[in-house]
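Let's take a relaxed tour of a structure through questions and answers. Have a look at the picture, and then we'll start.

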Amino acid sequence: MRSDVIFQSSPWWILVCLLVGAVYAFVMYQPLPRLIGSGTAVGGFDKRTTYGLAALRFIVVSFLAFLLLNPLIRSLRTLTEKPKVVLAIDNSESVAASGRPALSRTLEGLQTLRKQLIDKGLDVSIHTFGNLATDGLDGESDLTQIPFTYRTTDLSGLLSGIRSDYEGRNLTDVVLVSDGIVNQGMSPTFGQYPFAVQAIGLGDTIPKKDIQLKGIIANRIAYLGNQFPVKAEVVSNGFQGRNAIVVLRQNGKELGRQSISLGKNDTFDQLTFQATATQKGVQHYVVEVMPQPGEFSTRNNRQDVYLDVIDGKEKVLLLALAPHPDVKALRNILEKNQNYEVDVRILTGTSPEAAMAAERSSADKVYDLIILHQIPDNGGVGNVLVQKYLAKNTPVLFVLGNQSSMGPFNTSNPVMQINAQPNQSDKVTGVFNPEFKQLNFDPARLDILSKLPPMSVPYGEFKLQAGSEVVLWQQVGSVRTTKPLLALNVASPRKTAVLAGEGLWAWRLEEYALTDKQEVVDELIQKVIQLISVKEDRRKLRVYPIRNEFVTGEKVIFETELYNDIYERLYDKPVRLEISDEKGLTRSYNYTPTLTNSRFEISRLPEGAYRFKASVTLNNKVEQASGQFVVRDLQLEALNTTADHGMLRQLAQQTGGHFYNTSQTDDLVRNLTTRPHPSRLTSTEEMNELINWRWLFFVVLTLVTIEWGLRKFYGGY
C-alpha cells in the first residue's frame, strides 16, 4: 500500500503556515528585556524550557494552519488474486444410474485432482446443482459424500450461475463433471462463458436395453360426463419384434389396455386411450408400460396424469319469439366455448304442445345467462316467462327486432330507453367506441364492421341509462350517430347488455366471405357475454395455492386474503388449513397471515392430488375456502440414461477447453498446471481528506496538553 499527499492549492502555502506558527510562537514566548540571574527569564522559564514550549506551540499552530489548506491523502492498494478453478459437479440422479461403486471411484479421482491443483497454487471451489455444495466443500471435505439425488439437470443454469458468482474475479477454468444429459433449460452450448470449460465425461454412451414412456398428452380440464383422450408416447431400444402392453388405471382400477409392436431401436410409437370423466375434482390416472425381461430400468415405464374434472358449464337459455337466423348465429357463437351449455327455446312457430313443454322446461331450470331474442314482444307471448327470470337478477342479453315491444323493454332493462316510432326501423352499421375500456379489443380488426351489412334497428330516440357503456355506436350510411347499437351495464344489480338490432347472421356470413374466417364478430359477442355473465367472488376468506401444480420436493405455497364486511383487507386472524390426499389422510396446520407475510408454506408433500379446506372465525361466524392442487413426481432423470459426451466435447471446444474421460484426470492436471496462469493484480485508489483522520485530533490535543501542563508546572500564565 502506497500513500501520497495531494494539495488542492499551491504547496508554497506551506511556507505561510510555517511562518504563522513561528510568529505565533515568537510572540507567545519572546524573551523579556530584563533577566534575573544567569539564563533565567522573568516568567520562571529557563531558556531550554522556553525554546521547548515555543517549539510545541510552533508545531501545533503550523499544523492547524496546514489543515486549513485541506490536503488530500491518496492511498493506492494492490491485491494479488490467485487464478481460480471451479469443479462443477453434476449431482443429478442420472449420473448415479451407472452404479455407486463406479461413481465413487470417479469422485476419489476428483478428490486427488483438487488436491493437486491446490498444491500447484490454484484456488479451487466446488459447485453442484441446488447449492448443495459450494465453497463449503473446499479444503479437506470428502467429495464422495455428495448426494446424487438432484431430480433435474440444467447445465446451462449451473454454468451461468458460476459466471455470475465469479464475475470480475480471476476465474480461468471450470471443470464440468457430467454425463451431458440435459432435461431442463437450454443446451449449454448456446451460452457464452468467459472461462474455459474442461469437461470430464461420466456415464455410458451406449444406449440401454429399455422401454420408455416418453410422454403423456392429455387435457388439463375435462367436463363431467364427457370423454377425453389420453395419448401415450413410447420409445423402445433392444426389444425389436416384441409386443408391449400399455395400461391406463385410475385408483388401481384398469380402464384400458392396448398392445403395441416394438420396432427398431429408438422407434416412436403413439397410442390413444379414451376415458370418461365420471367424478368431479382432480382425478389421478396412471399410464404404465408393463415391464419386459431384461429392461435396464422400469422407473421410466410409468407416468401420472392429473385432470381437473369440473361440472362448471355455464347454462345459457336462448329464448326466442320465433325461428330466426340470428338464433342460429348466437347458438354457434356460444358453442365455440366449451364452457357454455346452451338451451334454445322457441315460443312460436312450433306446435302448442312443444311450446308449452319448452316453457315449462326452461322455467324449472336455473340459468347463468339469458338471451332474449325479440322478447318482450308485441304479442306478449313471452312476457310472463321473462318476468320470472328478471326477478332472479340473472344476467340478460336483449336482442331487439321488428317484433320487440319497446314499452316492456324500457321497463325491464337498465341499459337504454328507446322512444321508437311504431313499425319503423333504420338500417345502420356498427362503429366501435374507442372510449370503451372494460374489454380488450383491437380497433384495427374492428374496422371490418364498416364493411358488413346493415342491421335493422328501431327508429326513434335512444337514451342511455346511468352506468351504461357503449360498445358500438350506430352509423347511418357514412354518418356516425350518438345512438348506441351495442351497450351494457354491469353496475346494476342485474348485469345487462342490449344489441339493438337484428342481422347478426348476415354479419357472420359477410365476414366469412371477406376473410374466410368468423373471428371478429364472434369475439365481440363472446366477450360481451362473458363480461355480463362473470360471477363476482364475494367471499371474505380466500385461500389458494400460488400454482395448481407443484413438483415433489418443492414447497407448496398458499396465499391468504381475508376481508371485512366492506371488503377491507384484514390480517392477524388465525387460519386453520386442512389438506387431504387421495387416500383420505388429512394433515392440519394453523397459521396467522400478517401484513408483511400473507403466505403459508408446506414442505415435503408426497406425490398426489390434494384437496384443502381453510377456515377462520370472523365476527363469531366461520368463513371457509376450499380448493385442490397437485404434487407431481417428475421422472425426468429416468427418461434418458444414455450419456451425451458429444455435447460435452462441443462445449469444451467452443470455450477453449478439452474433453477428458474419467481415466484422464492426470492429463487434465498437467494441462491446467503447465499452462501459464498469471495472478491478477487488482489496484484500488482511495482519496481522503487529511482532516478526516481522527487520530490527528488526539495528537494535536496531546501536544497542546503537554505545553499547557509544562506552563502551569513552571508557573507560567
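Q: How many bridges join S15 to S16?
A: This is a predicted model, in which local features need pLDDT of at least 70 and side-chain atom pairs count only at pLDDT 80 or more, while totals for chains, interfaces and linings use all residues. Residues are numbered from 1 along each chain as its sequence is written, and side-chain values use heavy atoms, with hydrogens and water left out. Helices (H or I, at least four residues) and strands (E, at least two) are DSSP runs numbered from the N terminus, and two strands pair if DSSP finds at least two bridges between them. S15 and S16 run parallel, and the number of bridges joining them is seven.

Q: Which residue in S16 stands opposite Glu-314?
A: Strand S15 covers residues 314–320, and strand S16 covers 340–346. Opposite Glu-314, in S16, stands Tyr-340.

Q: Which strands stand at the edges of the open sheet?
A: Nine strands make up this sheet, with mixed pairing, in the order S16-S15-S17-S18-S23-S22-S21-S19-S20. From one strand to the next, the twist averages 35 degrees; axes here are lines fitted to C-alpha atoms, for helices over the stretch in contact, and angles run from 0 to 180 degrees between N-to-C directions. Two strands have a single partner each, so one side of each lacks a neighbour in the sheet: S16 and S20.

Q: What is the bridge partner of Asn-489 in S23?
A: Strand S22 (residues 479–489) and strand S23 (residues 496–499) run antiparallel and are joined by four bridges. In S23, the partner of Asn-489 is Thr-496.

Q: How many of the seven residues of S15 are buried?
A: Buried means under 20% relative accessible area, exposed means over 50%, and partly exposed is in between (1.4 Å probe, protein chains only). Helix H5 (residues 325–335) lies across S15, S16, S17 and S18. S15 is mostly covered, and its count of buried residues is six.

Q: Are H5 and H10 roughly parallel or roughly perpendicular to each other?
A: Their axes are 10 Å apart and the packing angle is about 75 degrees. Leu-330, Ile-333 and Leu-334 of H5 make the contact (heavy atoms within 4.5 Å) with Asp-522, Ile-525, Gln-526 and Ile-529 of H10. Angles under 35 degrees count as roughly parallel, over 145 as roughly antiparallel, 65 to 115 as roughly perpendicular and the rest as oblique. H5 and H10 are therefore roughly perpendicular.

Q: At roughly what angle do the axes of H9 and H10 cross?
A: Leu-504, Trp-507, Arg-508 and Glu-511 in H9 meet Val-520, Val-521, Asp-522 and Ile-525 in H10. The axes of helix H9 (residues 504–515) and helix H10 (residues 520–533) come within 8 Å, and they cross at roughly 140 degrees.

Q: Which helix gives the most residues to the largest nonpolar core?
A: A nonpolar core is a set of buried Ala, Val, Leu, Ile, Met, Phe, Trp, Tyr and Cys residues joined through side-chain atoms within 4.5 Å. This one has 42 residues, and Ile-371, Val-471, Leu-472 and Trp-507 touch the most other members. The biggest giver, with eight residues, is H10.

Q: Which residues is Pro-207 in contact with, leaving aside its neighbours within four places in sequence?
A: Pro-207 sits in the loop between strand S6 (196–201) and strand S7 (210–218), partly exposed at a relative accessible area of 45%. One contact is 30 residues away in sequence, yet 7.5 Å apart from Pro-207, C-alpha to C-alpha. The contacts are Asn-237 and Thr-642.

Q: What is omega for the cis peptide bond that joins Ile-375 and Pro-376?
A: Pro-376 has its place in the loop between S17 and helix H7 (383–390). For the cis bond joining Ile-375 to Pro-376, omega is about 5 degrees.

Q: What is the relative accessible area of Asn-423?
A: Asn-423 belongs to strand S19 (residues 416–432). Its phi is positive, near 60 degrees, in a residue other than glycine. Asn-423 is exposed, and its relative accessible area is 85%.
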